[in-house]
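Here's a quick briefing to read alongside the fold. Have the model open and turn it as you go.

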Amino acid sequence: GVINMKAIIPFSHQLLEEVVREGDSVIDATCGNGNDTLKLSKLVGDTGKVYAFDIQKEAIEQTKGLLADHQINNVNLIHDGHEHVASYVKEQLISAAIFNLGYLPKGDHSIITTPDTTIKAIRSMLSLLTTKGRIVLVIYHGHKGGTTEKNHVLNFCTELDQKQYQVLQYQFINQINNPPFVIAIEKLK
Ligand code: SAM
């Protein structure tokens, strides 16, 4: 057959659709303007739960507005860093988490995700993940600080034990201006 080469955002959503079921608990680690939160909230439905994090009040408000427009009530909006996920998501397992690394589109370009907090959050979420669950990272890296974060995250992901995790990199390699790319981590057991 013909390979359908999906753009980055649709591909990241497809990776979520394949593993998230109604009633699941899931995480949007960087809610920003709320697009991934909305996607996840539709996938888990009324019986599910989305935990959505952002450190910026502006992002939380933006996401709150988007969810209200869609009459959605299954999201727990958390105005705190995703590295503190263990304080908010207790006891239950999650089937997926998504990160969009970088700055808030149309927001302050100097407020960015950082290597230490991102990796701390990924580690915590790996321990909350169900078997066959996925962590999807959309890595924007064209901004100041972006290359450093990209390298740290890639090093961390490259070293994950292949007996426990399958890690995919999805990237268009002939585009200019540091296009974003996807890393997907799937827990095997
Ligand atoms: N997915 C979002 C959307 O659809 O609009 C875009 C997310 S944007 C690329 C990255 C977001 O991460 C920013 O809104 C920023 O405030 C947030 N952020 C930065 N550090 C964070 C942290 N430690 N915990 C949670 N969010 C963080």
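Two strands count as paired here if DSSP finds at least two bridges between them. Strand S1 (residues 25-28) and S2 clear that bar, with 4 bridges joining them in a parallel run. Keep in mind that this is a predicted model. Its mean pLDDT is 96, with 98% of the residues of the protein at 70 or more, and the scores are ipTM 0.97 and pTM 0.97.

**The sheet as a whole**

- Start with the open sheet: 7 strands, ordered S3-S2-S1-S4-S5-S7-S6, with mixed pairing.
- The edges belong to strand S3 (75-78) and strand S6 (165-170); each has a single partner strand, so one side of each has no neighbour in the sheet.
- On average, neighbouring strands are turned by 15° against each other, direction ignored.

**From S2 through S1 to S4**

- In the pairing of S1 with S2, Ile27 sits opposite Tyr51 in S2.
- Strand S2 (residues 49-53) has 4 of its 5 residues buried, so the rest of the structure largely encloses it.
- S1 also runs parallel to S4, and 3 bridges join them.
- Look for Asp28 here: its bridge partner in S4 is Ile98.

**S4 and its Phe99**

- How many residues of S4 are buried? The count is 8 of the 8, so S4 is largely enclosed by the rest of the structure.
- Phe99 is one to click on in strand S4. The cut-off for buried is 20 or more other C-beta atoms within 10 Å, and Phe99 counts as buried because it has 25 C-beta neighbours inside 10 Å.
- Setting aside neighbours within four places in sequence, Phe99 is in contact with Ala29, Thr30, Thr118, Leu137 and Val138.
- One of those contacts, Leu137, is also the bridge partner of Phe99 in S5.
- For a sense of distance, Phe99 and Ile72 are 27 residues apart in sequence and 21 Å apart in space, C-alpha to C-alpha.

**S5 and its two partners**

- S5 pairs with S4 in the parallel sense over 7 bridges, and Ile94 stands opposite Leu129 in S5.
- With strand S7 (residues 181-187), strand S5 (residues 129-139) pairs in the antiparallel sense over 6 bridges. Arg134 stands opposite Glu186 in S7.
- S5 has 8 of its 11 residues buried, so the rest of the structure largely encloses this strand.

**Helices against the sheet**

- Helix H1 (residues 8-17) lies across strand S4 (94-101), S5, S6 and S7, and runs at about 170° to S5.
- Helix H6 (residues 146-158) also packs on the sheet, where it touches S4, S5, S6 and S7; its direction makes about 155° with that of S5.
- Val153 lies in helix H6 and counts as buried, with 21 C-beta neighbours inside 10 Å.
- Not counting residues up to four places away in sequence, Val153 touches Pro115, Thr118, Ile119, Leu137 and Ile139.
- Thr118 and Leu137 turn up among the contacts of Phe99 and among those of Val153.
- Val153 and Leu104 are 49 residues apart in sequence, and 19 Å separates them in space, C-alpha to C-alpha.

**Two positive phi values**

- Most residues other than glycine have a negative phi.
- Which way does phi go at Lys106, positive or negative? Lys106 has a positive phi of about 65°, although it is not a glycine.
- You'll find Lys106 in the loop between S4 and helix H5 (115-128). Lys106 is exposed, with 10 other C-beta atoms within 10 Å.
- Lys132 has a positive phi too, near 75°, but this residue is found in strand S5.
- Lys132 is partly exposed, with 14 other C-beta atoms within 10 Å.

**Around the ligand**

- The ligand is surrounded by 21 residues, and the closest are Thr30, Gly32, Asn33, Asn35 and Gly81.
- What is the make-up of the shell around the ligand? It divides into 7 nonpolar, 11 polar and 3 charged residues.
- Thr30 links this site to the sheet story: it is among the closest residues to the ligand and is in contact with Phe99.

Technical notes:
Residues numbered from 1 in each chain as written. Predicted model: local features only at pLDDT ≥ 70, side-chain atom pairs only at ≥ 80, totals over all residues. Helix = DSSP H or I, 4+ residues; strand = E, 2+ residues; numbered from the N terminus. Axes fitted to C-alpha atoms, helices over the stretch in contact; angles between N-to-C directions. Contact = placed C-beta atoms within 7 Å. Buried ≥ 20, exposed ≤ 12 C-beta atoms within 10 Å, placed from the backbone. Near = placed C-beta within 6 Å. Nonpolar A, V, L, I, M, F, W, Y, C, P; charged D, E, K, R; others polar. pLDDT = per-residue confidence, 0-100.
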